[in-house]
Structures are given as C-alpha cells and as structure tokens.
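Q: Could you take me through one part of this model slowly, starting from a single strand pairing and working outwards? I'd like to see how that part ties in with what lies around it.

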Amino acid sequence: MQTDSSGQLTFEGAALNSLAAQFGTPLYVYSAQAIRSAYQSYAKACEGLADVTICYAIKANSNIHILKLLADEGAGFDLVSAGELARVLAAGGNPAKAVFAGVGKSVDEIEYALKAGVGCFNVESAAEMVRIGEVAQRLQIKANVSVRVNPDVDAKTHPYISTGLKENKFGVSMAAAPVVYAHAHQHPWLSVHGIDCHIGSQLTDASPYFDALDRVLALLDQLAAQGIVVNHLDLGGGIGIRYRDETPPKPADVLPKLIARVKTWATAQGRSMPSLSFEPGRSIVGNAGVLLTEVEFLKENEGKHFAIVDAAMNDLMRPAMYEAFHGVVAVKPNPTAQANTYDVVGPVCESGDWLARNRELAIEQGDVLAILSAGAYGQTMASNYNSRGRAAEVLVENGQARLIRRRETIEDLLRPEQDV
Ligand SMILES: Cc1ncc(COP(=O)(O)O)c(C=O)c1O
Ligand SMILES: N[C@@H](CCCC[NH3+])C(=O)O
C-alpha cells in the first residue's frame with residue numbers, strides 16, 4: 001500500500017477511493033503482485049534445498065481467480081472440503097498436487113477426491129483411515145495417505161487457532177499413529193505416502209516448528225523399526241503476518257533450517273532425503289488484501305464515538321471471533337473532518353459487530369476506510385447473517401482492477417429457499 005502525491009492510498013497502482021466509487025462498498029481488494037511475491041518467498045526459500053511443494057491453504061482465500069494465479073506460479077493446494085476441491089478444478093489447478101486435510105471427510109468427499117486424482121489424503125483418525133480404505137477398494141482407485149499427527153506442541157497462538165495440542169480435535173496422537181500407519185501399510189488400496197503436521201496459525205515464533213519436527217522425526221524412526229518407511233514430510237502452514245506490531249519469521253528464516261534439520265536426520269539414519277511440503281495460507285494472502293467500507297453515520301452515545309460503516313462482522317468475522325486487531329485508515333485525507341476516537345462498527349444487530357476499537361480517525365459520513373490485512377480469512381469466513389449479501393472482490397494488477405467476484409444480490413440470497 002502506498003500514498004500518492006495527494007495523500008490518497010493506492011494499492012498496486014490503483015487508488016482505493018476510485019475502486020470504492022467504481023465497484024461500491026463493502027469491497028475486498030487484493031494485490032496480485034503481493035500474492036505472487038508472498039508465494040515466491042516460500043518457493044525461493046526452498047530452492048535447490050530439497051524436493052518441496054508449496055500447497056497453498058485454500059481456506060485462507062478461496063477465490064478461484066486467486067487460486068489460478070497461484071496455480072500459474074506453481075503452487076499445489078491444501079484443501080479441506082469437496083467445495084475447495086471443486087475450486088481447484090475450476091481454477092485449472094493440478095489435483096495431483098493437492099492434499100486433502102480435515103477431521104470429518106465424508107464418503108462422498110473421499111469418492112470425489114479419489115476420482116479427481118487428489119495427490120494425498122492427510123488422515124486425521126483411525127476411523128477415517130478405515131473409511132478411505134473402504135472407498136478406495138470399492139472404486140478400485142489407490143489412495144495415497146499421510147497421517148496427520150498431533151505432536152502436542154504449544155504453538156503459542158490464540159487458543160482458537162492452535163491445532164497441535166492434545167486437547168485440539170486435529171490429527172492422531174503420536175502414541176496412536178503407529179497403529180493407524182499399520183492399517184494403511186497392510187491395506188491393498190492404501191499407499192503410505194507421508195506424515196503431516198500442522199500446529200496452528202498466526203505463529204510469530206518459529207521454535208514450535210522445530211519442536212514439532214523433532215517429534216515427527218522420532219516417530220519416523222519408530223515406524224522404520226516397524227518396517228514402515230515414510231518418505232514425505234508435510235510440515236503444515238501457520239507462519240503469521242503483521243496485523244499491528246508483530247514480527248513473524250519469514251519463510252527464509254524458517255524453511256531452510258527445517259530442511260537442514262531433516263537432511264541431518266536423514267544422513268544420520270542412512271536414509272534418502274524425504275520430499276517435503278508446506279501449507280501456508282495467511283502469509284500468502286493476508287497482507288495482500290484490504291476491505292473497503294464507507295462510513296454510513298457518525299454517532300455519539302454519552303461521549304463514546306461510533307463510526308458506523310457498511311461492512312460488518314458478516315464480511316470480516318475475525319474481530320468478533322478472536323478480538324483480532326486490523327489496522328483502519330481513511331483512503332484519502334479529509335481536511336475538514338475533526339479527529340475523534342471511534343469504535344468502527346457495522347450495521348449487524350450484535351454488540352460483537354465491531355471491526356476496530358478506539359481508533360483515532362479524522363472522518364465524516366461518506367468517507368471510505370480501508371480495513372487492513374484482510375486478505376486471509378476475510379471473505380472465506382463471511383456469512384449472510386442479517387440477510388446481508390457477501391461483498392464483491394477485486395484483483396488489482398499493475399494499476400488495473402478486475403472484478404473477481406460480483407456482489408451478492410438479494411435474489412442470490414432468496415434463491416435456495418425459492419427453488420424448493
Ligand atoms: C491443515 C492446515 N493447513 C494449513 C493451514 C493454513 O494455516 P495458515 O493460514 O496459518 O498458514 C491451516 C489453518 O490453520 C490448516 O488447518
Ligand atoms: N480463521 C482463523 C485461522 C484459522 C486457521 C484454520 N486452521 C483466522 O482468521 O485467523
């Protein structure tokens with residue numbers, strides 16, 4: 001994001017105020033260049049070090065135009081539902097470079113993924129391994145499987161987005177994993193591909209990755225002693241971004257060291273170097289997107305100032321759900337406005353419908369604000385609560401803006417109930 005000579009905010013060469021006028025608000029705006037360079041920071045960090053696939057976690061931002069952009073860069077995908085797989089296919093992505101995670105894969109989803117040729121299932125329970133084996137046998141299509149293990153490592157992040165502790169629902173415990181592998185190993189329609197581990201999201205400290213890796217490598221030794229050789233490691237996603245003042249590690253700070261540790265282990269064990277994958281989501285798209293919203297009203301209740309805007313918790317759920325901080329700035333200076341400390345709130349009928357609290361802003365009715373770092377877990381977590389249509393999305397590339405999702409209309413909202 002930059003400021004032009006008149007003080008207006010621009011995003012990859014496009015003035016945000018003009019985009020709001022052209023496409024309306026609320027509006028998600030993404031920078032193609034920022035997404036590409038975030039992806040490349042992963043690809044370059046591993047270059048020449050090992051056989052590595054970067055599987056972008058679709059849940060962060062699943063717009064098919066963004067998936068296409070990433071597929072064109074060479075990304076694989078981490079998906080968690082039939083819907084996300086359909087998006088990969090619609091975007092022209094290669095299903096063989098996709099991994100399918102999630103604790104509750106249905107029979108239909110497994111069947112769809114097998115027929116589409118998904119590269120690997122990251123299996124999260126013994127019962128799921130049995131189910132995948134049954135579906136694979138019925139379809140006579142071999143399923144590649146990794147076990148997603150839960151290493152019981154504290155990722156030191158918000159409790160709602162920590163996934164690698166034993167109290168979390170994700171993955172198979174280290175103690176139970178050998179039995180799950182043994183089932184896959186002896187099954188004629190299952191092929192043991194790798195091991196998977198994802199410990200949480202918005203990590204700002206890299207040390208939990210190394211703790212988790214050490215536990216994973218110890219488990220691989222144990223499996224090898226049982227005659228089960230696992231030659232692929234999927235180390236998940238989770239690297240954080242800056243929302244306020246965080247200093248998360250960069251892929252180049254973490255990935256080469258993780259790869260080096262795997263190499264040292266492989267050499268010591270006299271094994272060939274395993275292939276690897278990572279599943280970043282937030283760090284690819286989070287800082288590449290903003291949510292534009294117009295001020296509907298300014299209001300004061302007994303000295304408390306509210307800026308009521310046209311975006312709401314249904315558009316950006318993170319503040320309501322995690323009390324998450326997102327920066328807020330006016331997209332152009334308003335010299336006649338008086339500065340005040342505002343809570344920026346939406347029109348939804350919930351006290352939890354706030355986007356930002358206690359922000360110093362010099363704004364008037366009709367001004368446009370940018371909610372920053374909204375490219376990840378923004379539109380993908382949006383809902384129709386209060387019967388509000390989802391926002392439109394625009395992708396900016398070299399100053400040119402392209403609509404990549406139209407605004408939902410009232411007809412879109414009513415159709416599933418009228419079509420019965
Ligand atoms: C299995 C899995 N992989 C990858 C991710 C992506 O994580 P992040 O967006 O933090 O990189 C998630 C979400 O936390 C996940 O659950
Ligand atoms: N949705 C969360 C992250 C959860 C990641 C999914 N495993 C967020 O907005 O931060």
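**Strand 4 and its surroundings**

A: Let's start with one bridge: Leu27 is partnered with Ala392, which belongs to strand 20. Keep in mind that this is a predicted model. The bridge is one piece of a longer pairing, as strand 4 and strand 20 are joined by five bridges and run parallel. Strand 4 covers residues 27-31. Strand 4 has another partner too, strand 14 (residues 289-301), this time antiparallel and with four bridges. Within that pairing, Tyr28 sits across from Leu291 of strand 14.

How well covered is strand 4? Five of its five residues are buried, so the strand counts as mostly covered, with 20 or more other C-beta atoms within 10 Å of each buried residue's own. Look at which way they point: Leu27, Val29 and Ser31 go one way, Tyr28 and Tyr30 go the other, and both sets are buried.

Now follow Val29 into the nonpolar core. The largest one has 121 residues, and Val29 is among the members that touch the most others, along with Ile35, Leu292 and Ile371. Helix 8 (residues 207-225) is the top contributor, giving eight residues. Why does this core lie between the two domains? Because domain 1 (2-30 + 287-418) and domain 2 (32-285) both supply residues to it. As a rule of thumb, nonpolar side chains in soluble globular proteins tend to be buried together.

Leu292 is worth a stop of its own. Leaving aside residues up to four places away in sequence, Leu292 touches Leu27 and Val29 from strand 4, and its other contacts include Leu16, Leu19, Ala20, Pro26, Val331, Val368 and Ala370.

Step back to the domains, which the assignment sets as 2-30 + 287-418 for domain 1 and 32-285 for domain 2. Their centres, taken over C-alpha atoms, are 33 Å apart. Across the boundary, 22 residues of domain 1 are in contact with 21 residues of domain 2. Here strand 20 turns up again: strand 20 (392-397) and strand 21 (400-405) are the elements giving two or more residues to the domain 1 side. Strand 20 has the largest share, four residues. By class, that side of domain 1 holds 10 nonpolar, eight polar and four charged residues.

Val331 was among the contacts of Leu292, and from there you can hop to Lys332, in the loop between strand 16 (328-330) and strand 17 (339-345). Lys332 is partly exposed, because 18 C-beta neighbours fall inside 10 Å. Apart from residues up to four places away in sequence, Lys332 touches Gly7, Gln8, Leu9 and Asn17. Lys332 and Gly24 lie 308 residues apart in sequence, yet their C-alpha atoms are 16 Å apart in space.

Leu9 takes you to strand 2 (residues 9-11), which pairs antiparallel with strand 1 over two bridges. In that pairing, Gln2 is opposite Thr10. These strands belong to an open, antiparallel sheet of three strands in the order 1-2-3. Strand 1 (2-3) and strand 3 (14-15) form the edges, each pairing on one side only.

Last stop, the ligand. Ligand 1 has 15 residues around it, with Ala57, Ser201, Gly237, Gly281 and Arg282 the closest. That shell divides into four nonpolar, eight polar and three charged residues.

Conventions. Residues are numbered from 1 along each chain as its sequence is written. Chains are lettered from A and ligands numbered from 1 in the order in which they are written. This is a predicted model: local features need pLDDT of at least 70, side-chain atom pairs count only at pLDDT 80 or more; totals for chains, interfaces and linings use all residues. Domain bounds come from an automatic or database domain assignment. Two residues are in contact if their C-beta atoms, placed from the backbone, lie within 7 Å. Ala, Val, Leu, Ile, Met, Phe, Trp, Tyr, Cys and Pro count as nonpolar, Asp, Glu, Lys and Arg as charged, and the others, Gly among them, as polar. A residue is near a molecule or strand if its C-beta atom, placed from the backbone, lies within 6 Å of it. Two strands pair if DSSP finds at least two bridges between them. A residue is buried if 20 or more other C-beta atoms lie within 10 Å of its own, exposed if 12 or fewer, and partly exposed in between; C-beta atoms are placed from the backbone. A nonpolar core is a set of buried Ala, Val, Leu, Ile, Met, Phe, Trp, Tyr and Cys residues joined through C-beta atoms within 7 Å.
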